[in-house]
Amino acid sequence: MKRYSAFAIAREALRHHSGWERAWASPEPKRKYDVIIVGAGGHGLATAYYLGKNFGITNVAVLEKGWLGGGNTGRNTTIIRSNYLQDASAAIYEKSRSLYEDLSQDLNYNVMFSPRGVMMLAQTHHEVRGYQRTAHANALQGVATEYIGPERVKELCPIICIDGPRYPVLGALWQPRGGTARHDAVAWGYARACSAMGMDIIQKCEVTGVRSEGGKVRGVETSKGPIECDKLGVVVAGHSGVLAEMAGFRLPIESVALQALVSEPIKPCMDVVVMANTVHGYMSQSDKGEMVIGGGADGYNNYTQRGSFHHIEETVRALIETFPMISRLKMLRQWGGIVDMTGDRSPILSKTPLEGCFINCGWGTGGFKAIPGSGWGMAQLMATGASPLTAEFSLDRFKEGRFIDESVAAGVAH
Amino acid sequence: MSLRLRDGGRLIDRSARMAFQFDGRSLTGFAGDTLASALLANDKMLVGRSFKYHRPRGVVASGAEEPNALVNLAQGGTFEPNQRATTTELFDGLTATSQNHWPSLEHDIGAVNSSLARFLPAGFYYKTFIHPRPFWKHIYEPFIRQSAGLGKAPKDRDADRYEHFYYFCDLVVIGGGVAGLQAARVAGEAGAKVLLLEQSAHWGGRAPVDGGEIDGRPAEAWVTDTLAVLEAMPNVTLRSRCMGAGVYDHGYLLAYERLTDHAPQADGPRHRLWRIRTQQIITATGAIERPLSFAGNDIPGVMLASAVRDYVVNYGVAPGQRTVVVTNNDDGYRTAICLKQAGLDVPRILDARETGGGALMEEARALGIRIDCGRAVGKVQGGKRVKSVQVCAQKGSGSALEEVACDAVAMSGGWSPVVHLWSHCGGKLVWDDVQAHFRPDADRPPLGRSGQGFVAVAGAANGALTGAVADADAMARGVVQAIGLKPGKGIAPAETQPEELPIEPVWLMPAQAKTELKAKAWLDYQNDVKVSDVQLAAREGFESVEHTKRYTTLGMATDQGKLSNINGLAILSDALGQPIPQTGTTTFRPPYTPISMGAIAGEARGDIFQPVRETPMYGWNDSNGADWEPVGHWRRPYAYVRSGETVHDAVMREVTNTRENVGLLDASTLGKLIVKGPDAGKFLDMLYTNMMSTLKPGRCRYGLMCTENGFLTDDGVVARIDEDTFLCHTTTGGADRIHAHMEEWLQTEWWDWQVYVANVTEQYAQIGVVGPKARAVLETLGGMDLSAEALPFMAWADGKIGAFDARAYRVSFSGELSYEIAVPASRGQAFWDALLEAGKAHGIMPYGTEALHIMRAEKGFIMIGDETDGTVIPQDLGLNWAISKKKDDYLGKRAQERVHMTDPDRWKLVGLETVDGSVLPDGAYAVAEGTNANGQRNMQGRVTSTYHSPTLGKGIAMGLVKHGPDRMGEVLEFPGTDGTVFKAKIVDPVFYDKDGDKQNV
Ligand SMILES: Cc1cc2nc3c(=O)[nH]c(=O)nc-3n(C[C@H](O)[C@H](O)[C@H](O)COP(=O)(O)OP(=O)(O)OC[C@H]3O[C@@H](n4cnc5c(N)ncnc54)[C@H](O)[C@@H]3O)c2cc1C
């Protein structure tokens, strides 16, 4: 892999950029791999990357039915935070956030991690107590957060209206090293690094069946023919139920559309990420200048990657209330992704009833931030059979009633 | 230079002058101008700067597709960034400033990026700014952000109003060009309820400019006639300045009407958002001309050929005095002819086709215009204006054959149908090889509920670049039938237009353009994406069209690629060596062009952002010191603050007074659900952990409700009214949720049980009369017998209190003698007044939610949302007494038997008292020794609610602690967030009146 740097750009500029090589190869599948990962979203690619980097397992294929990073990894609002309440969540999200800190250097790809700070507004007494509780928990979990008052909120984000007539801002949970990153770059950076380790990323290759023998996984059927493997990692987000069915088990997952929208780009006016959960909306400003906006998930299950207008309306209303100045901006584009929701809204990283087959799903509305940590833990789980990061997120928890419920801390979980 | 012609301009009124300002300069235009035409009339060729390289930008188009001419409009509360000058109607007093430059439009420092362009190819930022790590956040990113963004951020609160409008019809026709008019006419004559929308202020679309005849009359005359016919139809509604914005599932359509943008002084809302349900939609949205990709095609003065003739014909404005026309199709000749007829110079027509065009070419030649076939623009010379054009062979690599001086270039690369609205909801496209564009595939429309298509396309939008009226006529007849009506007998109007020869696709000009030229051939003008960028993306493996778009930012600007997308994906296809349809398009997403956030939110803002639910005593509370707390859509008094008091003082006073004398609580927000029917008892036995079916009429029972996962979700007092009827009280926040929960079970699981549920929360005013003197106060009013014998604890009775029909419940959430009295909502305030009057002698005072909370905590009563958080089961809270052992089942029972739920290590409810009497911080955790496998500090409990108790004169708290009830007296450590560590002893959670003597009097 040719390294990227300012110097490399200068060199290429002189020859009209004719010497850049492919960011990732475009191979045909081999007959057999040690590990096959289904789904070249962020979580699938990160899993492959850490299998190689941490465990030296590089005879790996990542199979993607469309184009890599084209699922929710390329559709989300890129909020990164780890101020979760429950221990298991705080552990994996903070691991992830800390990996983001060095990810550009690690991958030699600028993923533009921007620890600009994430603020979750408290607008009811109930929320105040909830966030104070989270701040206490975070302190013991090693997550740097702070409960701040309304004046500090205004100082950090001058465009917020803190004394609106309906839900004045009472305070906020502030995570100064939360932030955003460039979603496509995360997928591309991992893909490039995987390819450089000799892994095969095979796009336009849809998995259509799972082969097993004596309760053990043997390989997959794909639109490019059968491929064998010793271990299989299923990392397909909204389509997890479909893949699980192929592998012969069922998942407690529902798929719903989650929408987002952006405004036209304007000059910088907001340096932090703000989430307002009482009114249900959140906003940040991209490096291009667009206000990036999201809210709650649609109320019905579907696979369309579209959503209803009603959610857009509710979200925009909520945010005009919070940031009155956006009323005179225009919505440039709205879109949706299909998110995979579990009963307790926490992910599943687990062995499955099929030996050798592992699953990583259920990230729902908030898994972008978890990509590095989830890949790290999942790789450990697949390579060694156990990981402290993933232990609590096993499938058994639904049978045991061992839920990891974060709804206490935040109505919306992005 | 561009200027106003002496005459012409079908849309302007030369007698009405309009003064306006651009970048502080005072200019004038005419009524009917757009800001763009008025700027051109004043020789403003340079109107903005591009996004990445800060290149000079001029007007390139004449409508919604404009990527360049974006301005900051107005000031203060009506300021708006990124307003397209081409769709901004001029009004007197308009002020606009150009965007994205510093210090000025003419001299922009950011333009160094342009000379560095070579070092800033597509995606350069992914490859650099990597080291050293802190630099991204602190140096690189702030720098990049500063140069990004286009318009300025608004500062003030929006001074305008917006509204929503709901509409239902058989058919919406989007687009008021000739195709749309004909479609509406066919459907209108068949009796359909039709809504016809046109985004601009004018009807007829392109036809009046482009010429041709319909039914033997000039297009403009036909438009006028047809409009008159439509206006006379009662079943047809026409709206101009109203854009079809988005098509959603099930025939849901958004339209965006700009009511006062063109007349800001006018009263009324600025924008109106139409929310439409319709059976069928016809999009007659026309087509958009494509630029040609030659070097220097972004220099101000290079414009779409169709836009050039729009400015001449519609506004009497000449974008240039000497205009070179370059085309790959016959339509481009119309512009040359139009310019010539307006007395302007057309030094050359460069037709990329070796053999040139048909009848229009002949017409141009007859006017004396020189036409060079097989020729192309090699390069446009100029900086902030076009100076000349280097002519080359289209087949070659760009060697200049000659240089032609000119001040404008009109380019025509062919036409792309506007397929956005067709595509929003899943309509598919086909590639039309003959016309070189994507058009809707009629066989794969967006499907409605019935599995049938609900969107059809008519006219140019359908690829009928000629014969649009006939196409629309046929299409509308089909749609009329789909609606279930019979189309009339009329025959389609005949159209006469000159015969045209086919287009020859030209994606790069010249075909073998040298590398330097490709690096100057713009695809996306606003985002600065060039041919070389797309080729670079392809070379680096960004082969999917979505990858290329994201890597280069092609089509991601405010025009969403209306001009650039097709050209870009043609270049990508070429680079990948595959046909264009195999590359495909990116996804079309709503809205068609950007719509204001204000319009999306509508009327709901400020005080009416969400409905405020008011109790009957709301007004009284408000004028008597209520410190409001939002609880769902309600507002409840947190405390009634008297002058000179802090909120805390007020709370303390209220608790003490209630414990010593008597307090009044506005409890009207408590949920009240009537559950009625022969199976009501059986139903409630399933919903509550308690046995409700055995409750006797006249009695009350405190009940717990769990989710199917076993977690405690609500609690409240259930009163049995009669054999068939129960009244279930829920928490304030729980009323709607529990009502829905009940309905869900009744409708999906127990649909054969005879039960119905009615939410009567707002039918009653409910008032808590609480404290040792409560009975005395009520007896002062007289009426029903409220003695301990007649109305014992946990009983209820109907009767009269004073002059009021009332239902009295003997329940207590404070541990005091207490009555909750419900009266009809309309009598609430009067009853409240009567109680205050009667209580005067007894020291009566109202109290708010915080006093309520403290009193319940003193008694060790749990509060949903404090002691529960969605992870707590009743067993954790020592509420086993409220779980019936006799029942086979209730919601949550099975879940509560799972291993984790019966784990003896679960944290259990206890009381907590700090060693020094201080108040524990809210949400603090009790730490245990060591750390877990992930390095987190081990924990063994947490605070669930914590208060200063004025009754006990110290801090009290409740919490959940591992093995808590077995560890009474043990001291735990609770670290605060500021380094202090609080020590608290585990105690019984009932702090006050353990035996309940006070409430049982
Ligand atoms: C609108 C929106 C906003 C969001 N905002 C945030 C946010 O701000 N912060 C945050 O942390 N998270 C956010 N999320 C959530 C986040 O995007 C996801 O949790 C995360 O991207 C999931 O990554 P993934 O790799 O699991 O899934 P994906 O990126 O969806 O990848 C799954 C891949 O599997 C492929 N696949 C599926 N079936 C097959 C098959 N049979 N064969 C081969 N390949 C297959 C798919 O094509 C896809 O590429 C948001 C999500 C949405 C939709």
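**Note on a predicted two-chain model with a ligand**

1. Start with helix α4 of chain A, residues 125–141. At 1.5 Å a residue, its 17 residues should span 24 Å, and the end C-alpha atoms are indeed 24 Å apart, so expectation and model agree. Keep in mind that this is a predicted model.

2. How many residues of α4(A) are buried? The count is 13 of 17, so the rest of the structure largely encloses this helix. Just after α4(A) comes A:Gly142. The phi of A:Gly142 is positive, near 80°.

3. The helix also matters for the contact between chains. Here 89 residues of chain A are in contact with 94 residues of chain B. On the chain A side, the elements giving two or more residues are α1 (6–14), α3 (87–107), α4, α6 (183–196), α8 (309–322), β16 and α10 (396–400). Which element gives the most? It is α4(A), with 11 residues. By class, this side of chain A has 43 nonpolar, 24 polar and 22 charged residues.

4. Now the chain as a whole. Chain A has 10 helices and 18 strands. Its C-alpha atoms fill a box of roughly 65 × 65 × 40 Å, taken along the principal axes. For 414 residues, a compact globule would have a radius of gyration near 22 Å; chain A has 21 Å, which agrees.

5. Burial and contacts in chain A come next. Buried residues make up 64% of its 414 residues. Take the contacts with a separation of 6 or more: 75% of them join residues 24 or more positions apart.

6. The largest nonpolar core has 429 residues. Which members touch the most others? They are B:Ala183 and B:Val409. Leaving out residues up to four places away in sequence, B:Val409 touches B:Gly301, B:Val302, B:Thr323, B:Val324, B:Val326, B:Val377, B:Val380, B:Val386 and B:Val389.

7. Last, the ligand. It is surrounded by 40 residues. The closest are A:Gly39, A:Gly41, A:Gly71, A:Gly337 and A:Gly367. Elements of chain A that give two or more residues to this shell are α2 (42–55), β12 (253–263) and β16 (330–342). The shell has 14 nonpolar, 21 polar and 5 charged residues.

8. One element deserves a second look. Strand β16 of chain A gives two or more residues to the shell around the ligand. β16 also gives two or more to the side of chain A that touches chain B.

Key:
Residues numbered from 1 in each chain as written. Chains lettered and ligands numbered in written order. Predicted model: local features only at pLDDT ≥ 70, side-chain atom pairs only at ≥ 80, totals over all residues. Near = placed C-beta within 6 Å. Helix = DSSP H or I, 4+ residues; strand = E, 2+ residues; numbered from the N terminus. Nonpolar A, V, L, I, M, F, W, Y, C, P; charged D, E, K, R; others polar. Expected span 1.5 Å × (residues − 1). Buried ≥ 20, exposed ≤ 12 C-beta atoms within 10 Å, placed from the backbone. Rg over C-alpha atoms; globule rule 2.2 N^0.38 Å. Contact = placed C-beta atoms within 7 Å. Core = buried A, V, L, I, M, F, W, Y, C linked by C-beta atoms within 7 Å.
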